[in-house]
Amino acid sequence: MAAPAFGTRRLHWVLALVTGLALASCQPRASVPSQTPPTTNVGAPAASVHGPSATPTLGPGAATIAAKPTPALASQGAWHRSWVADLPWGAAPGQAGRRWAAEQNPEAPMALDVAPDGAVWLLDQVNGRVQRLRVATDGGVTQLGSVQVSATSQDLALTPTDGLWLLDRFVSKSARLVDAATGVTRADVALSGSGIAEPGAVSALWQRGDGLWVEVEHATLVRVSNSAGVPDPVRPLLPGRVAPGGQRAVKALRVPPNRVVLQALALPHRPQTAPKWVADLKLPLPIWAIADVSFDATGRTWVVVDLARFVPGEDAPVERGRMAVAVDATGREVQRLTLCPPIGPEEQFRTARIGGDGALYSMCRGESGLRIERWAP
Amino acid sequence: MIAKRLAFLLLVAMALTWTPPALAKPEPMTRDAVMALGKTVVGFSYWWGGAKWQPGATAKGTCTPTGADGCPDCTHSGPWGADCSGFVGKAWQVDKPTALDTYYHPYSTANFTNQETWWSKIAKGDVQKADAFTYNKNGAGHIFLYHKGDPWGSVYAYECKGCASGCVYGLRSVSADYGARQRKLLQTAATCQPHCEGTATVDAKCDKVDCAASAASCVADSLGVRCVSSLCPATGVTQVCTPDEKGGTFATCDNGSLKDPGDCGAYGAWCSTVLGGPATCISAFCAASPSTVPTAGDLCFQGKRLRCDAKGGLTEVPCPPDQPCSQLPGQSGPGSAVCGVPACADCNDGNPCTDDPCVNGTCQHVPNAAPCDDGNPCSAGDMCANSGCLAGPSFGCDDGNPCTSDACLGGQCTHVAQTGSCNDGNACTYADACADGVCAGAPKPCDDANPCTSDSCQDGTCTAIATDGACDDGDGCTVGDSCFAGACTAGAAQSCDDGETCTQDGCEDGACTHSGGDQPIKASCVGSAVQLTSPCTGGEAKLLPCPEDSPCKFGLCGGLSFDPNDFFPPSGDATTTTDGSLRDGLPTGDGGGSGVPVNALVASNGAGCSASHSALPDGALLLLALAGLTRLLRRRAGMRRHGV
């Protein structure tokens with residue numbers, strides 16, 4: 001490690017003294033949250049953490065928005081929250097790693113995927129692992145397994161053949177297919193070539209029936225390999241995110257201050273059959289970012305948005321929230337859900353999605369841990 | 001660990017307390033200049049506290065974590081690298097211009113977040129390229145350089161992210177907790193009056209673009225200053241063909257700019273302007289080249305009838321199911337197709353050596369093998385081959401006679417006798433020769449001088465077949481000789497019996513001989529005595545009494561054998577077995593009481609009297625019998641003494 005060039009050792013002592021006095025006279029200095037050193041949990045026996053005892057709390061100046069549904073959507077509709085799991089920060093089984101440190105990117109679990117059997121696969125990259133978790137209806141968390149992965153992984157996608165795709169845009173610059181049980185690498189597919197201007201432009205991984213698709217700039221899908229990791233020389237492109245069965249593609253557009261627009265697009269191979277519509281959804285707070293667009297088993301399109309309201313001169317929002325809105329196959333809004341909002345500076349990549357079991361999952365960060373919610377009809 | 005945290009504390013303390021020298025001041029920069037510096041950091045290592053890198057250097061440095069909490073629990077190797085605040089400070093060149101490969105790290109995220117010296121806080125919605133997002137709270141902090149946003153609210157950023165990732169460029173989310181900062185003294189880019197400079201355009205920012213690089217020229221008109229493709233008119237929207245090897249590509253000219261490229265070739269078509277007006281795709285079935293005017297008409301392709309229209313469009317016009325699309329003989333392309341089987345004109349080519357069917361509208365001339373006439377009266381059996389008439393063998397003048405010379409003269413046969421050797425075709429003749437038009441030879445000799453065979457010649461080979469019948473074997477002492485199996489076999493011996501019992505009759509050289517001689521003596525039992533008889537005695541028998549304890553059995557006293565050697569001593573001892581039988585394997589008698597030929601016993605000693613027919617006198621016979629018995633008894637007594 002190289003220390004900054006601040007002069008002589010004597011000067012350091014003087015500065016330290018001055019600094020200490022200055023800090024003591026101003027405001028208390030908050031410390032970096034303590035963390036348990038990460039450990040490797042490959043093959044570790046299943047461990048349970050029962051909750052929700054550690055409900056995330058909001059940071060200073062932030063508040064969870066109250067649901068502001070339209071009258072037609074007074075209730076949360078037919079969907080309800082079936083469980084809430086709170087994972088304390090840490091490295092033990094069932095805990096989630098968070099790293100806050102000086103002069104570097106703060107991180108917490110960046111993504112999750114859910115298997116058809118409801119098992120949650122949590123990309124706990126700070127601890128260099130993917131945890132496979134089972135959550136009971138009371139929020140009790142059982143770690144079913146864990147595989148070691150690169151600490152620079154940012155997204156994951158399950159395959160139907162017990163494989164796990166991991167996105168590493170900056171170090172290996174590849175989508176890596178590993179055995180979901182052992183973590184052994186099966187294939188590495190480079191994030192380069194036709195359709196991918198640069199690895200950093202990749203915004204998601206999608207395992208579809210015909211192979212691995214990577215999303216570029218939240219706008220275009222590029223098939224880069226088959227499901228076994230054999231590179232695709234054709235590299236076909238699809239616009240937007242594609243519904244299961246390929247009936248339509250949907251693009252999402254953030255429209256400040258408080259709208260999100262969904263646009264259904266015709267797919268190149270089904271130009272006549274795909275519906276064409278635009279859903280212009282108004283939100284109760286200014287839109288900060290779109291967190292996810294995915295599709296449930298009934299063909300609905302869900303968009304998850306992060307909301308934030310600011311006042312001039314302040315960096316942190318005075319109000320924030322996360323909301324999921326569903327539209328049906330014709331673009332008509334049919335459902336709104338108010339989700340727990342992400343709090344904190346950590347980068348996120350895929351913190352909400354429709355899982356393989358058709359339910360909506362969303363995770364948010366708090367002071368004491370990570371919360372995962374499951375919403376289902 | 002403690003030392004590192006202390007160093008970090010010092011870094012924060014210095015940032016909060018240290019006031020830059022009064023003379024330090026950033027230079028004005030454009031946003032592009034900031035971005036140009038920022039992008040050079042990509043690929044370099046994260047170096048906690050570091051802030052120097054050399055664009056183009058191959059050694060990017062390495063950061064290695066030593067703990068789980070991230071840096072400062074890490075080590076760095078190599079000369080280059082930066083942390084997030086060191087990077088942004090360098091890209092912004094605050095608080096003074098500093099070379100990228102020179103270490104200078106005056107500000108931390110705490111400075112960028114909490115102070116406004118050479119930067120200002122701005123609304124997040126106003127962020128532009130070269131601005132920064134920063135966060136610092138509870139001793140943790142991060143800052144990155146904003147490049148552009150995406151449709152979801154994510155941003156492209158240049159940043160030195162952390163020990164594991166290094167310094168990168170990519171799309172990322174931005175937490176709402178980040179604040180936006182803008183460098184002060186940002187210089188507005190230079191301004192120019194847009195104009196053309198030769199083939200180059202000069203825009204309002206004074207940026208120059210040479211249109212020639214894209215096969216265009218600079219045009220300045222009411223639409224502005226722009227590159228106009230050499231393929232396009234300066235204004236308006238139209239489609240044009242664009243050059244390529246296959247002649248299929250096109251694009252849209254939009255006020256001189258080529259857009260929306262396409263490829264007719266993907267559909268088996270040319271891009272063509274031959275019809276005038278904008279470029280269109282014309283089917284390669286309907287025109288031979290992009291410069292060929294398409295021809296209207298039907299054609300067959302893969303069994304389907306396709307119709308070219310006058311503009312080169314191609315549509316399928318199905319034929320009735322029972323009339324498949326057929327191509328007219330010798331034709332292709334538009335106008336070559338009909339539905340159903342096309343008819344033929346007269347296909348007969350007048351050649352008897354070809355069959356002339358009509359197949360799908362085409363006459364075919366298939367060689368056959370029919371009989372024909374080659375016009376030669378002296379040939380017969382002419383046959384077709386390879387579409388022509390092949391002469392048959394010469395008209396039948398060959399009389400098969402090798403002793404005539406045959407010819408066909410004007411359709412008439414002539415046969416002229418020849419002389420000389422020939423071959424009559426008979427292998428059982430030799431020295432064949434023609435005479436008076438006839439070929440004949442002498443018989444081949446095959447007599448083997450054997451009276452018992454019939455000799456002949458077959459296919460040139462002599463054969464002898466055995467015959468029956470009388471013959472003469474040349475022996476005068478035999479009569480009635482006859483042939484048997486191809487040889488003369490002796491007949492019965494000539495009879496020389498003179499009627500005398502005690503003479504020996506014979507034949508020598510065809511003459512009978514008669515000499516005296518003995519006849520064998522026979523012994524048999526009569527009561528307890530031995531009876532001896534001889535033919536030469538006239539059938540008179542003599543009785544020899546045996547001892548009382550050895551009555552006659554089997555023609556011997558006591559039935560016991562006796563050794564003839566007792567009467568005619570041999571050269572060696574004879575041996576008897578325990579049962580007293582003779583060792584020479586001669587029978588010991590059948591016990592039936594029938595007579596046993598004594599001469600048979602005598603003959604076995606090898607020195608007998610077979611040649612002698614002298615009869616024993618009575619006294620001698622008796623002595624023989626007695627001596628034999630005595631000797632036998634002595635031998636048995638000796639055997640008992642020896643326990644045998």
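**Exercise 1. In strand 12 of chain A, find the residue that stands opposite A:R208.**

Solution. In this predicted model, A:R208 stands opposite A:G211. To place this pair, look at the two strands: strand 11 covers residues 202–208 of chain A, and strand 12 covers residues 211–216. They run antiparallel and are joined by 6 bridges. A hairpin of 2 residues connects strand 11 to strand 12. Finally, check the cover: 6 of the 7 residues of strand 11 are buried.

**Exercise 2. Describe the open sheet of chain B that contains strands 21, 22 and 23.**

Solution. Start with the order, which is 21-22-23, with antiparallel pairing. Next, find the edges: strand 21 (297–301) and strand 23 (314–316) each pair on one side only. On average, neighbouring strands of this sheet are turned by 35 degrees against each other, direction ignored. Then take one pair in detail. Strand 21 is joined to strand 22 (residues 304–308) by 5 bridges. Across from B:L306 in strand 22 stands B:L299.

**Exercise 3. Classify A:D188 and A:R176 as buried, partly exposed or exposed, and state what their salt bridge ties together.**

Solution. The closest N and O atoms of this salt bridge are 2.9 Å apart. A:D188 lies in strand 10 (residues 185–190) of chain A and A:R176 in strand 9 (residues 174–179), so the bridge ties together parts that are 12 residues apart in sequence. For the classes, partly exposed means between the cut-offs of 20% and 50% relative accessible area. A:D188 has 40% relative accessibility and therefore counts as partly exposed. A:R176, at 29%, is also partly exposed.

**Exercise 4. Which two chain parts does the salt bridge between B:R181 and A:D315 connect?**

Solution. The pair crosses between chains. B:R181 belongs to strand 10 (residues 179–183) of chain B. A:D315 sits in the loop between strand 20 (301–309) and strand 21 (319–327) of chain A. Their N to O distance is 2.6 Å. Both B:R181 and A:D315 are buried.

**Exercise 5. Decide how far helix 3 (residues 84–92) of chain B is enclosed.**

Solution. Count the buried residues: 9 of the 9 are buried, so the helix is largely enclosed by the rest of the structure. Among them are B:F87, B:K90 and B:W92. After the helix comes B:Q93, whose phi is positive, near 55 degrees.

**Exercise 6. Compare the exposure of A:R332 and A:D328.**

Solution. These two residues form a salt bridge, with the closest N and O atoms 3.4 Å apart. A:R332 has a relative accessible area of 53% and is exposed. A:D328 has 15% and is buried.

Notes: Residues are numbered from 1 along each chain as its sequence is written. Chains are lettered from A and ligands numbered from 1 in the order in which they are written. This is a predicted model: local features need pLDDT of at least 70, side-chain atom pairs count only at pLDDT 80 or more; totals for chains, interfaces and linings use all residues. Side-chain values use heavy atoms; hydrogens and water are left out. Two strands pair if DSSP finds at least two bridges between them. Helices (H or I, at least four residues) and strands (E, at least two) are DSSP runs, numbered from the N terminus. Axes are lines fitted to C-alpha atoms, for helices over the stretch in contact, and angles run from 0 to 180 degrees between N-to-C directions. Buried means under 20% relative accessible area, exposed over 50%, partly exposed in between (1.4 Å probe, protein chains only). A salt bridge is a side-chain nitrogen of Lys or Arg within 4 Å of a carboxyl oxygen of Asp or Glu.
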